[in-house]
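Visitor: Please take me through one part of this protein at close range, strand by strand and helix by helix. After that, I would like to set it beside the rest of the chain.

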Amino acid sequence: MGNLPPLSLYIHIPWCVQKCPYCDFNSHALKGEVPHSEYVSHLLADLDNDIALTSGREIATIFIGGGTPSLLSSEAMQMLLDGVRQRLPVSPQAEITMEANPGTVEADRFSGYQRAGVNRISIGVQSFSQPKLTRLGRIHGPDEAKRAAHLAAGLGLRSFNLDLMHGLPDQSLLEALEDLRQAIELSPPHLSWYQLTIEPNTLFASRPPVLPDEDDLWDIFEQGHRLLTEAGYQQYETSAYAKPGLKCEHNLNYWRFGDYLGIGCGAHGKLTQPDGEIIRSVKTRHPRGFMRGEYLDKRYTVTDDEKPFEYFMNRFRLTEPCPREEFSRYTGLEESYIRPALDSALAQGYLTETPHHWQVTEKGRLFLNSLLELFLEGE
């Protein structure tokens with residue numbers, strides 16, 4: 001048990017009012033009413049099937065993502081989190097995050113979520129420009145986004161996050177920085193600031209918009225990073241910034257190769273067993289199949305050859321040093337297994353090494369894909 005990583009719980013709520021053209025998450029446009037209590041019953045049954053794989057560990061963090069979790073009624077959220085607590089030991093200090101769209105953030109509903117145990121919300125703002133929001137298929141306006149942030153600040157939650165995108169269709173440097181300034185003015189404890197990428201099987205992939213070129217994207221990132229740093233935010237992951245002491249614990253556990261149990265449509269899980277086996281699972285994507293009780297899509301064991309890449313793909317996104325002993329503790333592999341790849345990374349200036357840590361260099365961050373390729377099986 002001493003070697004098992006911390007355990008998180010991810011819960012997926014699959015419905016949205018409408019599907020955004022850039023979104024490749026498992027979300028489904030709502031037809032009719034959300035089946036609140038019925039879906040929660042299925043979530044808890046899905047959880048029952050997986051409990052044996054958790055080895056009795058305490059849940060350190062919970063993240064309720066989507067879709068749009070704030071379409072779920074506060075009564076259903078209470079039923080869900082009560083059900084989780086009846087089945088699993090949840091740390092009294094657990095960070096419990098819920099994603100929300102500004103248009104679905106209602107004050108009375110939110111105090112209900114808070115009573116159920118939600119102590120952190122992540123608000124999908126994306127932009128404060130109405131034309132950009134329309135282009136992104138978002139159904140809220142800039143004023144609603146600001147209202148949601150003020151509401152979150154007034155609830156006395158542990159923390160809240162604003163999700164903001166840059167590199168939007170036809171976005172200028174000035175527009176991108178103006179978005180960021182407006183977000184900073186709202187003083188969120190945490191800001192996720194990530195670049196729009198065109199993902200396969202999305203509307204944007206079939207009809208690609210004109211995005212800023214590489215030079216413009218670099219200027220946006222560099223000047224935006226400076227703005228965030230001057231405002232007291234610390235970058236701790238590729239697209240995550242937080243005020244001191246307010247990093248997202250749930251995401252940190254992912255990136256540190258911690259374990260997570262995933263329940264709900266299309267949820268992914270990674271669970272280390274006491275014998276060192278790492279089991280990954282993927283749940284049925286479509287609500288129709290899931291609501292028939294067909295929860296599990298696939299489950300498989302991560303091979304030794306796959307472990308180094310999986311470990312570093314997460315770990316090297318973080319700006320913090322990577323403890324060398326954790327590699328062996330979390331993968332069950334000796335460091336000698338990856339020594340050739342490490343030596344190559346050191347020689348190319350992607351990493352530095354001390355007796356206790358590895359640290360990605362500035363060059364390693366710029367060429368992260370090249371660094372990670374060194375740890376692919378068969379390299």
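Guide: Happily! Let us start where β15 and strand β17 (residues 357-360) pair in the antiparallel sense, over 2 bridges. Strands here are DSSP runs of E at least two residues long, helices are runs of H or I of at least four, and both are numbered from the N terminus; two strands pair if DSSP finds at least two bridges between them. A word on the source: this is a predicted model, in which local features need pLDDT of at least 70 and side-chain atom pairs count only at pLDDT 80 or more, while totals for chains, interfaces and linings use all residues. Residues are numbered from 1 along each chain as its sequence is written, and side-chain values use heavy atoms, with hydrogens and water left out.

Within that pairing, P323 is found opposite H357 of β17. The full sheet is open and has 3 strands, in the order β15-β17-β16, with antiparallel pairing. Its edges are β15 (322-323) and β16 (351-353), each of which pairs on one side only. Helix α13 (residues 339-347) lies across β16 and β17, and runs at about 110° to β16.

Now for the helix packing. Two packed helices are described by the angle between their axes and the distance between the axes. The axes are lines fitted to C-alpha atoms, over the stretch in contact for helices, and angles run from 0 to 180 degrees between N-to-C directions. Helix α11 (residues 307-315) and helix α12 (residues 324-331) have axes that come within 11 Å and cross at roughly 130°. The two are therefore oblique to each other (under 35 degrees counts as roughly parallel, over 145 as roughly antiparallel, 65 to 115 as roughly perpendicular, and the rest as oblique). The crossing of α11 with α12 is right-handed, meaning that the near helix is turned clockwise from the far one by less than a right angle; anticlockwise would be left-handed. On the α11 side the contact (heavy atoms within 4.5 Å) involves K307, P308, Y311, F312 and R315, and on the α12 side E326, F327, Y330 and T331. Sorted by class, these give 5 nonpolar, 1 polar and 3 charged residues; Ala, Val, Leu, Ile, Met, Phe, Trp, Tyr, Cys and Pro count as nonpolar, Asp, Glu, Lys and Arg as charged, and the others, Gly among them, as polar.

Other helix pairs are worth setting beside this one. Helix α1 (residues 36-50) packs on helix α2 (residues 74-87) at about 15°, with the axes 9 Å apart, which makes α1 roughly parallel to α2. Among the residues in this contact are V40, L44 and L47 of α1 and M79, L80 and V84 of α2, and its classes come to 8 nonpolar, 4 polar and 2 charged. Helix α6 (residues 173-185) and helix α8 (residues 214-230) pack at about 25°, their axes 10 Å apart, so α6 is roughly parallel to α8. Their crossing is right-handed.

Stepping back, the protein has 15 helices and 17 strands. Its C-alpha trace spans about 55 × 50 × 40 Å along the principal axes.
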